Amino acid sequence: MAKRVGIEVSLAISEAVKLANVDAIAAYPITPQTHIVEHLSELVADGELDAAFIPVESEHSAMSVCAGTSAAGARTYTATSSQGLALMNEILYIIPALRLPVVMTIANRAISGPISIWNDHSDIMGVRDTGWIAVFAENGQEAFDLSLMAFKIAEDHRVLLPISVNIDGFTLSHVIEPHEFLGQEEVDKFLPEYKPAVQLNPDAPVSMGTVGIPEIFTEAKKCQDEVLKGSEAVVKEVFAEFGEMFGREYKVVETYRSEGAETLLMTMGSVSETAMEAIDKMRDEGKAVGLIRLRLWRPFPVEALRAEMVGVKTLAVIDRAVSFGGTGGPVASEVRSALYSIDQAPYVASFIAGLGGRDITIDDFIMVVGQAERMAAEKEIHQYKMIGVRE
Amino acid sequence: MENLNVYAAKLAPQQESLAPGHRACQGCAELLAVRLVAKTLGKDYIIANATGCLEIVTSSFPHSAWEVPWIHVAFENAAAVASGVEAGVKILKKKGKYPVDRKITIIAQAGDGGTVDIGLQALSGALERGHDMVYICYDNEAYMNTGIQRSSATPYGATTTTSPAGEASPLGQHTMKKNVVEIAAAHNIPYVATASPSYPFDLMQKVRKAADTPGPAYIHCFVPCPTGWRMAPNLAVSIGRIAVESKVFPLYEIENGEYKMTVTHKNHRPVIDYLKPQGRFRHLSEGNIAEIQQQVDKSYDRLLKKVKMSQIELD
Ligand SMILES: Cc1ncc(C[n+]2csc(CCOP(=O)(O)OP(=O)(O)O)c2C)c(N)n1
Ligand code: SF4
Ligand SMILES: [Mg+2]
């Protein structure tokens, strides 16, 4: 089996990108993404990675350059956070519409204002509907593995869509963890060379990004959504293949001690690890509580989520972002609508926590579970509860 | 036109990569210029196109006027997209993964709005990074695609739909045209030029030179727009000539920092000859026109000084 290395998660991601033998990287620095691209530029400068490193003058251009490199047929990578992702917004929509399989790490960070460099999920939630596949990692190993799998998913000709691998800024990006690295040969076996379906090539000219007149626009959007929804099957396939080859199992919806649970906590990202400890504690006390962790955020895994709801009475969803003026946390709102039409849908309690780097502790999770059960019993009508707000 | 093939073949290449049947207005000099560029470059080039008239009139799905690879992503990022295409093709060639082994010219093309306003940052980034590409700005002096709004390339005294002449503001546009040619040159890139489809051979020569120059090249192409300039379509070519003859839009190039005029005239026409046929200047007073004449003389003299300096340096 492969060797275990203690290394900062950002560097592990860069190593995965190197193992993926990317052709082009375009990036602009922003905390907490910086270590990833710094390391990649080093790998390129040292000749360890044969890739074009394009140090652009903004994130808008980073994503625009990615459009160009990917359209030329190059395996393309970028990384960003927060304001950088927001600045890319316009181009984020266009990348999937052009069917360009760009891979991006998002070191999740709060969106201004007030300006904050610390972690929450307000950046990714703001680009929810741009048409990217989005997955979440909970620890360094997952970040490494998902970074490799991301290329394989995105570049599959049934998909050809961009994908973001979300890692929590600082709490994941800047910690040193043990990682099981993979060798180049096994990676090459898992991830063959990118073969573009179309590329900018004078021998076979194509026009990409033409005007969408009303007669075709609706159809174009329908196609795009069908492909994105269809990508879930490919994600599962790639997870399974990865598991078979390397022994680490991934699912679009992960659970933890959820058997027989009447109450489930629901998390996304690195807080899941703290939540697991909270579950252990509550289970030790004899409570029928489990955890459900969303790994695939887009396309939203409706069926996989519904399948976990058997016998569940209360679902306490933790959101790390605010949907201002909305009906609940962004994840909770999705979950509510995904479960609305099933028989005996659980009561969905929406909690917003961990904004802008605020910790969520084991005790917080235990408190949330208690509160959710009480709200469920009282059928409390609410939009969301924000926890830990100092009065 | 009977003997067109006899004469034209001697003058301009017959090859076309911009197909007829696009949707530009009658007399559009932008499309005329693009066609000349296309004739010069043949088939071995790739275009990154900004949003604007040029993109809209040539690419309404399921049609496309482009017989070369062409990509449009957004309005302000043609330079960045072209950077990516250039970098992508280059690395793939190096790794033996790109199927074409000939030299391929990378073109970024945008209107004045997509260049001098919203696209200036991406342009600067691309020029500074030194990508081997040619950026062509097709300057029709306003945001034509969205209905003739002013840009920072709209000249002093022109009316547009957002710089109208009115009681309180009789001049229309009251700012000076931004000199993006100088901004491009300030990046110390090897080749910068102005061009006009009214001088087709000068334009084609410059495009050839720009494409053959390793590193970034910038061409600022002056393209009269009958619709936006409120003039008859049949005047597009002649007004472009008058622009040069009246010193309003001089044709020159800056090669490795050295300035050189490429078209000169002994006797310059007064600017009024240029302003008169255009409805966008109809409101100007004699005083305004005299002022514009002064501005034009001054900036032309300044340009000549740079040309002279370059000659001294070369001697
Ligand atoms: C970010 C953004 N802002 C505004 C627009 C609207 N828009 C599209 S084309 C255009 C004007 C184009 O002007 P120019 O670049 O001069 O090209 P022209 O049409 O004049 O050839 C504008 C304002 C847009 N597409 N994207
Ligand atoms: S509006 Fe002007 S630039 Fe646009 S197509 Fe018509 S003539 Fe050409
Ligand atoms: Mg314009």
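Biologist: How many salt bridges does a search of the whole structure find?

Modeller: The model is a predicted one, and the search finds 51 salt bridges over all chains.

Biologist: Why is the pair K18(A) and E48(A) called a salt bridge?

Modeller: The side chains meet at 3.6 Å, N to O. The cut-off is a Lys or Arg side-chain nitrogen within 4 Å of a carboxyl oxygen of Asp or Glu, so the pair qualifies. This salt bridge links distant parts of the chain, 30 residues apart: K18(A) sits in helix α1 (residues 9-19) of chain A, and E48(A) in the loop between α2 (34-45) and β3 (52-55) of chain A.

Biologist: Is E48(A) buried, exposed or partly exposed?

Modeller: Its relative accessible area is 46%. Buried means under 20% and exposed means over 50%, so E48(A) falls in between and is partly exposed.

Biologist: What makes R158(A) and D156(A) a salt bridge, and which class of accessibility does each residue fall into?

Modeller: The closest N and O atoms are 2.8 Å apart, and the limit is 4 Å, so the pair counts. R158(A), at 47% relative accessibility, is partly exposed. D156(A), at 18%, is under the 20% limit and therefore buried.

Biologist: Which residue forms a salt bridge with E380(A), and how do you know that it counts as one?

Modeller: The partner of E380(A) is R374(A), with the closest N and O atoms 3.6 Å apart. That is within 4 Å, so the criterion is met. R374(A) has a relative accessible area of 37%, which makes it partly exposed. Elsewhere, salt bridges that share partners join R4(A), D145(A), E180(A) and R248(A) into one network.

Biologist: Now the ligands. Why is the site of ligand 1 called shared?

Modeller: The residues that surround ligand 1 come from chains A and B, so the site is shared between chains. There are 18 residues around ligand 1, and C53(B), D112(B), G113(B), G114(B) and M144(B) come nearest. Helix α5 (residues 112-117) of chain B supplies the largest share of that shell, 3 residues. By class, the shell has 6 nonpolar, 8 polar and 4 charged residues.

Biologist: What makes C53(B), D112(B) and N145(B) polar contacts of ligand 1?

Modeller: Each involves an oxygen atom of ligand 1. A polar backbone atom of C53(B) is 2.8 Å away, an N or O atom in the side chain of D112(B) is 2.9 Å away, and a polar backbone atom of N145(B) is 3.0 Å away. The protein buries 78% of the 590 Å² that ligand 1 exposes when taken alone. The limit for a polar contact is 3.5 Å, so these three distances qualify.

Biologist: Which residues surround ligand 2, and how do they divide by class?

Modeller: The shell consists of A24(B), C25(B), C28(B), C53(B), N140(B), M144(B), C225(B), P226(B) and T227(B). It divides into 7 nonpolar, 2 polar and no charged residues.

Biologist: How do you know which residues coordinate the magnesium ion (ligand 3)?

Modeller: The donors are D112(B) through OD, N140(B) through OD1 and A142(B) through O, at 2.0 to 2.1 Å. A donor must lie within 2.8 Å of the metal, so these atoms count. D112(B), in helix α5 of chain B, and N140(B), in the loop between β4 (134-139) and α7 (180-185) of chain B, link parts of the chain 28 residues apart.

Biologist: Are D112(B) and N140(B) buried or exposed?

Modeller: D112(B) has 1% relative accessibility and N140(B) has 5%. Both values are under 20%, so both residues are buried.

Biologist: Where is H179(A), and what does its side chain reach?

Modeller: H179(A) is in strand β8 (residues 176-180) of chain A. Its side chain reaches the backbone oxygen of G140(A) at 3.4 Å, and a polar atom of that side chain lies 2.9 Å from the backbone oxygen of E177(A). Both distances are within 3.5 Å, so they are polar contacts. At 0% relative accessibility, H179(A) counts as buried.

Biologist: Is F151(A) buried or exposed, and where does it lie?

Modeller: F151(A) lies in helix α6 (residues 140-155) of chain A. Its relative accessibility is 0%, under the 20% limit, so it is buried. The C-alpha atoms of F151(A) and A20(A) are separated by 7.6 Å, though the residues are 131 apart along the chain.

Note on methods: Residues are numbered from 1 along each chain as its sequence is written. Chains are lettered from A and ligands numbered from 1 in the order in which they are written. This is a predicted model: local features need pLDDT of at least 70, side-chain atom pairs count only at pLDDT 80 or more; totals for chains, interfaces and linings use all residues. Side-chain values use heavy atoms; hydrogens and water are left out. A residue is near a molecule or strand if one of its heavy atoms lies within 4 Å of it. A polar contact is a pair of N or O atoms within 3.5 Å; within protein, one must be able to donate a hydrogen and the other to accept it, and residues adjacent in sequence count only if both atoms are side-chain atoms. Accessible areas come from the Shrake-Rupley method with a 1.4 Å probe; for residues, only the protein chains shown count as cover. Helices (H or I, at least four residues) and strands (E, at least two) are DSSP runs, numbered from the N terminus. Ala, Val, Leu, Ile, Met, Phe, Trp, Tyr, Cys and Pro count as nonpolar, Asp, Glu, Lys and Arg as charged, and the others, Gly among them, as polar. Donors are N, O and S atoms within 2.8 Å of the metal (3.2 Å for Na, K and Ca); water is not among the atoms, so sites may look incomplete. Buried means under 20% relative accessible area, exposed over 50%, partly exposed in between (1.4 Å probe, protein chains only).
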